[in-house]
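Here is a friendly walk through one fold, meant to be read with the coordinates open beside you. Let us begin with a helix and work outwards from there.

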Amino acid sequence: MHHVYIGLGSNLGDRRQNITEAIRLIGERVGTVVAQSSLSEFEPWGFQSEHPFLNGAIHVETHLSPFDVLAATQQIERELGKTERHATKRSKSPHTSSPSDLSPLTSHHPPQYKDRPIDIDILLYDDLHQNNPRLTLPHPMMYERPFVMKPLKEILKFT
């Protein structure tokens, strides 16, 4: 059994319902949700918007691999209305071969963040450390983001 910590955020539509539905689908498709933080409101980080985010975190026990968790959560994002229009834009680095190879660690230009109905990020997966173009663990920028660390610390107390 693997332990995965996931961050969730929403700043468009019914934010609480978007996150609630994401957690329900994660419980169905990824594994057992064993802890859930409270939801807190935060101003957008890395861009200007009049729409504040609602953020939280969950702890999930799963048999899935990190890449299977990623695929499942990205599918849930799409089902809940996240489209290419909402996706974070990353500039192409000379060290990458395609847009899917981009990560915050390989881009020379800061990402362009946008409003979104749902955002699901894998923060931690067991004690795994990896820097893969598709998935970097632990999440590379989580320590810089209060909207990630506050809910994550809340659930780490109980696990």
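In this predicted model, the buried residues of helix α1 are Asn-18, Ile-19, Ala-22, Ile-23, Leu-25 and Ile-26. Around the helix axis they take up an arc of only 165 degrees, which places them on the same side of α1. What do these buried residues pack against? Their partners are β1 (2–10), β2 (31–36), β4 (53–62), α2 (66–79) and β5 (119–125). The length of the helix can be checked too: α1 has 15 residues (15–29), and at 1.5 Å a residue these should span 21 Å. The C-alpha atoms at its ends are 21 Å apart, so the expected and modelled spans agree.

**The cores**

Nonpolar side chains tend to be buried together in soluble globular proteins. Here, the largest nonpolar core has 22 residues, and those with the most contacts inside it are Ile-6, Leu-8, Ile-26, Ile-58, Ile-120 and Ile-122. Two or more residues of this core come from each of β1, α1, β4, α2 and β5. Which element gives the largest share? That is α1, with five residues. A second, separate core has 12 residues, among them Leu-123, Leu-124, Met-142 and Leu-152.

Ile-6 is a handy residue to select in your viewer. Neighbours within four places in sequence aside, Ile-6 is in contact with Ile-26, Gly-56, Ala-57, Ile-58, Val-60, Thr-73, Ile-120, Asp-121 and Leu-123. Of these contacts, Ile-26 is also one of the buried residues of α1.

**Strand β4 and its partners**

Is β4 largely enclosed or largely open? Nine of its 10 residues are buried, so β4 is largely enclosed by the rest of the structure. The table lists strands that pair with β4.

| Strand paired with β4 | Sense | Bridges |
|---|---|---|
| β1 | antiparallel | nine |
| β2 | antiparallel | five |
| β3 (40–42) | antiparallel | three |

To find the register of each pairing, start from one residue pair. For β1, Tyr-5 stands opposite His-59 in β4. On the β2 side, Gly-31 stands opposite Thr-62 in β4. For β3, look at Glu-41, which stands opposite Leu-54 in β4. When you follow the side chains along a strand, keep in mind that in a regular strand they alternate between the two faces of the sheet.

**Loops with backbone features**

Most residues other than glycine have a negative phi, and most peptide bonds are trans. Two places in this model are worth a look against that background.

Asp-126 has a phi near 45 degrees, a positive value in a residue other than glycine. Asp-126 sits in the loop between β5 and β6 (130–131). Its relative accessibility is 34%, so Asp-126 counts as partly exposed, since that class lies between the 20% and 50% cut-offs.

The other place is the peptide bond that joins Leu-137 and Pro-138: this bond is cis, with omega about -10 degrees. Pro-138 lies in the loop between β7 (136–137) and α3 (146–156), and His-139 lies in that loop as well. Is His-139 buried or exposed? At 12% relative accessibility, His-139 counts as buried, because buried means under 20%. Not counting residues up to four places away in sequence, His-139 touches Asp-121, Ile-122, Leu-123 and Arg-145. Among these, Ile-122 is one of the residues with the most contacts inside the largest core, while Leu-123 belongs to the second core.

Definitions and conventions. Residues are numbered from 1 along each chain as its sequence is written. This is a predicted model: local features need pLDDT of at least 70, side-chain atom pairs count only at pLDDT 80 or more; totals for chains, interfaces and linings use all residues. Side-chain values use heavy atoms; hydrogens and water are left out. Helices (H or I, at least four residues) and strands (E, at least two) are DSSP runs, numbered from the N terminus. The expected span of a helix is 1.5 Å times one less than its number of residues. Buried means under 20% relative accessible area, exposed over 50%, partly exposed in between (1.4 Å probe, protein chains only). The arc is that of the directions from the helix axis to the C-beta atoms. Contact means heavy atoms within 4.5 Å. A nonpolar core is a set of buried Ala, Val, Leu, Ile, Met, Phe, Trp, Tyr and Cys residues joined through side-chain atoms within 4.5 Å. Two strands pair if DSSP finds at least two bridges between them.
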